[in-house]
Amino acid sequence: MSEPLPTAAAAPHGTATHCPYCALQCGMWLHTDDTGRTTVAPRDFPTNQGGLCRKGWTAADLLARGRRLTTPLVRRTPGGPLEEADWDEALRRVADGIRAIQRSHGPDGVAVFGGGGLTNEKAYLLGKFARVVLRTANIDYNGRFCMSSAAAAGLRAFGLDRGLPFPLADVGRADALLLVGANPAETMPPFVRYLDAQQAAGGSLVVVDPRRTATAARADLHLRPVPGTDLALAAGLLHIAVAEGLVDEEYVAGRTRGFTDVRESVAAYWPEQVERLTGVPVADQYRAVRLLAAAPRALVLTGRGGEQHRSGTDTVSAFINLALALGLPGREGSGYGCLTGQGNGQGGREHGQKADQLPGYRRIDDPAARAHVARVWGVPPDSLPGPGVSAYELLRSLGTEGGPRGLLVFGSNPVVSAPNANLVEERLRGLDLLVVADPVLSETAALADVVLPSAQWAEEDGTTTNLEGRVIRRRRAVAPPPGVRTDLWTLTELSRGLGRSTGFSDSAREVFDELRRASAGGPADYSGITYGLIDAQDGVFWPRPGAGPGEEAGEEAGEVPDGSSDAPGPGLQGVPPGPQGPPAEGTPRMFLDAFAHPDGRARFVAVDHTPSAETPDAHYPLHLTTGRIMQHYQSGAQTRRISALTDDVGEPHVEIHPDLAARYGVAAGDRVRLVSRRGSAEAAARITAAVPPDTLFMPFHWGGAQRVNSVVGDALDPVSRMPEFKVAAVRLERLG
């Protein structure tokens, strides 16, 4: 639950920073007392307005030494145990292993896997390390599993991907809000204050979700499509808008292209046909469209429920088509947006840890982009590798003929988070070298040959970019334990060990200054954003191009001291003075005058419903869908180590409809097993009408026998390469 901010008189002193978890990036204070214990208090920041969820309140608990790694670990004999080592030995083993593999298998013999929770500085330096030091094309990150379909659809429609191209405040002012496949009441509880404000002002909330979630329960209208049929529903809603004369024809003619093809394609999705496909009643389809069309300010927001499908990009495009037809994007107070999930899911997909990307959201196959970034890095453009494969394709290829023989993992736990997880675990076990940098001994780290203990969010400086595109500061509040290093330090030392003595730094400020220069002129242009500007005004919305006078790297006008020793230095290249950029706050609202395509127009994209890769049959007769719960986060590697959270929810559950439970003789609390074509997962039964009679739900925060991603399939979206996490065909077994 969110809690209010204390009164100003009671506001605590300490370090102003942000929560380490979701993309809301709630503001918080950290205070360390005389005993060395660090505690959290809420901070009045624009996104959370003083609220924190249970995870945020307990975030500092993981800083305690008994719950995290404090020394490197190495596996000195094949199949032997992980043993403590010093940093010299650990880094030497990593460098020697990389050299041995690349001598035999070439640069691409070593791969890198990053994370959407890494700061902008770490994501940037990780991408640079892969391209400049390892010279491997094989780098991707776990954000491919989260926001990639929405990002791909946004790029197609608008020419640019920023999750929310408007500030969160617009959500609270919307007269109508269509929320597709998102459950923020559990996944980011402080977000609910915007839903409260929206409904208190008379706005309508329409939620699309097969489950009656905590968010759906508060909706004015809940549409419950059969899992995997969201695209058909979106096309049907647009069909109604066309048939009812609700299309904003002036907007379509003046600001878009491609509507004729889309108008023809949705002709096949008449309301009765859509009800047969999706299960959503005809009357509810009409009501949803009329609520959106009648609203002076309307928003369409998508989340993972609509995106994590093999047709996820097309599904998001279908909802964007609806928004464009109603004239919403690029109009103040209205629009389309994606609710980014991971803490730096936005910034993490902008600065170079994706397989096809260079910093500033540049494409790695663009000669001009390669030339620009190569100049910043001081290397020849032709020395940079080309595009690699996507996250799951990379994991699936590990140890196979022609695939990587070594893998470095930063900020991710793919043993738990990847689809078809049994196969991924098998591939990781077969590597010649697995290196994991992590604050905790995650399930992936437990398989590693070398484990490098990483400093945590409260022990280092850096920036993240929240779901609005607001670049914010994380500030070091406490020193890491002896034996723990920042990931920037680790990458810098590995670079030296591999023969690259310059161009890397463990100073977050230095790395950010170079990131600014590398991003200059790119779609995600941070070149006019400085630590001082961030500090002065609760963050800066990208793009903000062009550092102006007084805003040179490390010499910002109005710099706000934060007590950090992370002072600028000579290791990396900063941004030279340039033309005055846009207002200091950057660009809170995008597309008001034009979209990012060369002609300034948005694009409709004609799409068609395709069934999920798996549909129930006699052997696997039930739908399975997965997701998050309030108490835990992502793979659970952090939250499962916090007793206040595990005391509340210590194991997963399977939601089962009462009618289905009666058919299988399952009572609440019984142990059940879900079985698919790939594997199985076990959990306790929770009997609830929140799920349809033919659908099961299980959260994905656990490993081992409770790992639901052992069950989930690996069909990929052809555009985004997003795996189909949200639909699998399974059978249910009651355990004795």
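**A friendly note on rings, cysteines and a small sheet**

1. Let's begin with a charge and a ring: the charged end of Arg162 sits over the ring of Trp542, with 6.0 Å between that end and the ring centre. Please keep in mind as you look that this is a predicted model.

2. There is another arginine to find. Arg211 lies over the face of Phe697, and here the distance to the ring centre is 3.6 Å.

3. Now turn to rings that meet other rings. How many aromatic pairs does the structure hold? The count is 12. A pair of this kind is described by how far apart the ring centres are and by the angle of the planes. Take Tyr124 and Trp377: their centres are 6.3 Å apart and their planes make 65 degrees, an edge-to-face arrangement. This pair links distant parts of the chain, since Tyr124 belongs to helix α3 and Trp377 to helix α15 (residues 367–377), 253 residues apart. Are these two residues buried or exposed? Both Tyr124 and Trp377 are buried.

4. Ring pairs can also join up into a group. Phe158, Tyr336, Phe591 and Phe595 are linked in this way into a cluster, so try showing their side chains together.

5. Helix α3 comes back when you look at a sheet. Three strands form an open sheet in the order β19-β20-β21, and their pairing is antiparallel. At the edges are β19 (462–465) and β21 (540–541), each of which pairs on one side only. Helix α3 (residues 120–134) packs on this sheet and touches β19 and β20, its direction making about 95 degrees with that of β19.

6. What holds strands of a sheet together? They pair through backbone hydrogen bonds, in a parallel or an antiparallel way. Here, strand β20 (residues 470–474) runs antiparallel to β21 and is joined to it by two bridges. If you want a spot to zoom in on, Val471 has Val540 in β21 as its bridge partner.

7. Finally, the cysteines. The structure holds zero disulfides. Why does Cys26 not form one? The closest cysteine sulfur to its own is in Cys22, 5.8 Å away, which is too far for a bond, because a disulfide needs the two sulfur atoms within 2.5 Å. Cys26 counts as buried, because its relative accessibility is 6%.

8. Cys338 can be read in a similar way. The closest cysteine sulfur is in Cys146, and the 9.9 Å between the two sulfurs is too far for a bond. With 3% relative accessibility, Cys338 also counts as buried.

Note on methods:
Residues are numbered from 1 along each chain as its sequence is written. This is a predicted model: local features need pLDDT of at least 70, side-chain atom pairs count only at pLDDT 80 or more; totals for chains, interfaces and linings use all residues. Side-chain values use heavy atoms; hydrogens and water are left out. Two strands pair if DSSP finds at least two bridges between them. Helices (H or I, at least four residues) and strands (E, at least two) are DSSP runs, numbered from the N terminus. Contact means heavy atoms within 4.5 Å. Axes are lines fitted to C-alpha atoms, for helices over the stretch in contact, and angles run from 0 to 180 degrees between N-to-C directions. Buried means under 20% relative accessible area, exposed over 50%, partly exposed in between (1.4 Å probe, protein chains only). Rings of Phe, Tyr and Trp (its six-membered ring) pair if their centres lie within 6.5 Å; planes under 30 degrees apart count as stacked, over 60 as edge-to-face and the rest as tilted. A charge sits over a ring if NZ of Lys or CZ of Arg is within 6 Å of the ring centre and within 35 degrees of the ring normal.
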